[in-house]
Structure formats: structure tokens, C-alpha cells
Amino acid sequence: MPLVPMRAVAAAARRAGRGLGAFNVVQLEHAEAITEGARRAGLPVVLQVSENTVDYHGSPGPLLLALLRLAEEMEAEAVVHLDHATRPALVRQAVELGVRSVMVDASALPYRENTGRTAELAAWCHEQGVWVEAELGEIGGKDGVHAPGVRTDPGEAADFVRATGVDALAVAVGSSHAMATRDAVLDDRLIAELAARLPVPLVLHGSSGVPDAGLASAVRHGMLKINIATHLNRVLTGTVRSALAADPALMDPRRWFAPAREAVAAEVARLLTVLAPAS
């Protein structure tokens, strides 16, 4: 299937009243599991690669190019997205490789600098036909930059979107990055207010800490793109631990990655269904 623009996938999700699942990829098995889960659910999916993962691999090319090819070959619609890119050079590298959806993350900068850098990169990306997500409100738990309990101000968010021209905005509504438990409580009233005031889709970061009912409620109140990373890592790692504990002689990584990949695929399919109550 030809690569589908994020704009088209997001617009279709909004019309259908469902969320768009966006799952972080660390290695190829993650991507294979996520695309298989999307195939089973019959729903679109976003394959995300974070700046941290790019640094882990040493360069953006091999993994991003593999994901672009995988997205072209899968049965369901998939978008490849660069997540939390703080370095302008990395944004440009990813776009030059063929990625057509990026998150420009200048949220650690003062407001005016965040606005200026985001606007500059968004203008360049739009010239290349690239969808741009950005972040204004801080989200808890990310490397000490984001303070827990922070909430996005709707008026400030509207000003930021107008000033930068971004296509989507990550907002702080009660979630926190890298949560090991799923007990975060989101501010649905704030989500609804943000959705009413902003002309662009809302993105929920730190979704791994939100229980199923909270995710479904967030979508009903206006959240669109739902980012999930830690939860899938927990599923994958737990399955690997179980396989190795059951057979301490295992050496072939395919023997313990295969059940982990299957477990992640099943969880992706389930989560996509949670996010699509209207499908």
C-alpha cells in the first residue's frame, strides 16, 4: 500500500470519532508486531521513532528506512513519525529520508524561543509536505524537563498554534511519560475545552499510564493521536523474561523474540480497538 499522509489518516480518524494509535519502535520486532496488530484490528497505525531511539542506533537512516518500507508493504494504513525531535538537524535528516510526519520538540526552551524554533521548522517542513506536531504544555516525567501536574492553558495553546502553524499539538492534561502503572487520571473537561478552541488535532503523550477507560474517554472528549511506548515495552520485556525463565538454555534470540512479538501484536490490536469505540 502506498504511504498515506498523516493529514489524511488523522482526518479520517476525526470523522470516525476514533483515536489514532501511535506506538514507539525501538527495533524491527517492535515494528513487525505493531503492523501485525494494526492488520488484525483493521485500523491505521503510527510507527514512531524517538530521538532517543535514533541516538541508540547511532543514526536515523537504517531504522527509518526499514519502517518506511514496512509501511508500504503492510495491509493496513501506516504513518512513520519522528517523535520528540529536539535537534533541527535530525528533523531535516528524517524528512530527507522520506519521513512525512515529525514532532518538533522545543518545549524545554522559553516560550518565545519554542515558538520561534517551532515556527521556523514547521514552515520548512510544510514546504516539503510534512505534517508537524509540537508541544507547548509540559508533560510529567520526561528527563526532568516536564513537571508533573502541569496543565496546558487553552488560550496560550491557541496563540501557540496560530504563531507556529503546526498541524497538531501535544497537550498536558494529566498523563506522564514512562509510567509503570496504568492509573493516571486525565482532565476530560480540559481536553474538551482544548478540542473546542484549537483548530488542530490534540496529541496525548504519556498514554502508557492511562487505563483503557481513560483512553476511551479522552478520545470521546476530543483527543486524537494517542502515543504509547512504555506499556508495549513492558509487554515485550515481560514475555521475554518468561521465555528465558522457562528455558534457561535458550540462546537463539528468535526463540524468545517470537513470543514477545506476538504478545505485542495482540496488545496493539486490543488497544487500537479501545481507541476506536465508533468503528
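Two strands pair if DSSP finds at least two bridges between them. The views below show a predicted model.

**View 1. Eight strands form a closed barrel.** The strands run in the order 1-2-3-4-5-6-7-8, and their pairing is parallel. On average, neighbouring strands of this sheet are turned by 25° against each other, direction ignored.

**View 2. Strand 4 meets strand 5.** Strand 4 covers residues 101-104, and strand 5 covers residues 131-135. The two strands pair in the parallel sense, over four bridges. One residue to find here is V102, whose bridge partner in strand 5 is V132. V102 also has a partner in the other direction: L82 is bridged to V102 in strand 4.

**View 3. Strand 1 sits between strand 8 and strand 2.** Strand 1 spans residues 20-24. Strand 8 spans residues 223-228 and pairs with strand 1 in the parallel sense over four bridges. Look for L20, which stands opposite K225 in strand 8. Strand 2, residues 45-50, also pairs with strand 1 in the parallel sense, here over three bridges. In this pairing F23 faces L47 of strand 2 as its opposite residue. To get from strand 1 to strand 2, the chain passes through helix 2, residues 28-41. This β-α-β crossover is right-handed.

**View 4. Strand 1 is covered on both faces.** How many of the five residues of strand 1 are buried? Five of the five are, so strand 1 is largely enclosed by the rest of the structure. On one side the buried residues are L20, A22 and N24. On the other side they are G21 and F23.

**View 5. T35 looks out from helix 2 to other parts of the chain.** T35 lies in helix 2. Is T35 buried or exposed? Its relative accessible area is 7%, so T35 is buried, because buried means under 20%. Leave aside the neighbours within four places in sequence, and T35 is in contact with L47, L70 and M74. L47 is a residue already met in strand 2, opposite F23.

**View 6. M74 lies in a loop.** The loop runs between helix 4, residues 61-73, and strand 3. M74 has a relative accessible area of 7% and is therefore buried. T35 is in contact with M74. Another residue to find is R39: M74 and R39 are 35 residues apart in sequence, and their C-alpha atoms are 7.7 Å apart in space.

**View 7. Strand 3 lies between strand 2 and strand 4.** Eight of the eight residues of strand 3 are buried, so strand 3 is largely enclosed by the rest of the structure. Strand 2 and strand 3 run parallel and are joined by six bridges. Q48 is found opposite H81 of strand 3. Strand 3 and strand 4 also pair in the parallel sense, over two bridges. L82 and V102 are bridge partners here, with V102 in strand 4. The chain goes from strand 3 through helix 5 to strand 4, and this β-α-β crossover is right-handed. Helix 5, residues 88-97, lies across strand 3 and strand 4. Its direction is at about 165° to strand 3.

**View 8. H84 has a positive phi.** H84 belongs to strand 3. Its phi is near 50°, a positive value in a residue other than glycine. H84 has a relative accessibility of 7%, so H84 counts as buried.

**View 9. Y111 and F160 form an aromatic pair.** A search of the whole structure finds two aromatic pairs. This view shows the pair of Y111 and F160, whose ring centres are 6.3 Å apart. The ring planes stand at 55°, so the pair is tilted. In general, distance of the centres and angle of the planes describe such a pair. Where do the two residues of this pair come from? Y111 is in helix 6, residues 111-127, and F160 is in helix 7, residues 154-164. The pair links distant parts of the chain, with the two positions 49 residues apart in numbering. Y111 is partly exposed, because its relative accessibility is 33%. F160 has 0% relative accessibility and so counts as buried.

**View 10. R92 lies over a ring.** The ring belongs to W124. R92 lies over its face, at 5.4 Å from the ring centre.

Note on methods: Residues numbered from 1 in each chain as written. Predicted model: local features only at pLDDT ≥ 70, side-chain atom pairs only at ≥ 80, totals over all residues. Heavy atoms only, no water. Phe/Tyr/Trp six-rings, centres within 6.5 Å; stacked < 30°, edge-to-face > 60°. Buried < 20%, exposed > 50% of the residue type's maximum accessible area, 1.4 Å probe, protein only. Lys NZ or Arg CZ within 6 Å of the ring centre and 35° of its normal. Right-handed = clockwise from strand over helix to strand, strands pointing away. Axes fitted to C-alpha atoms, helices over the stretch in contact; angles between N-to-C directions. Contact = heavy atoms within 4.5 Å.
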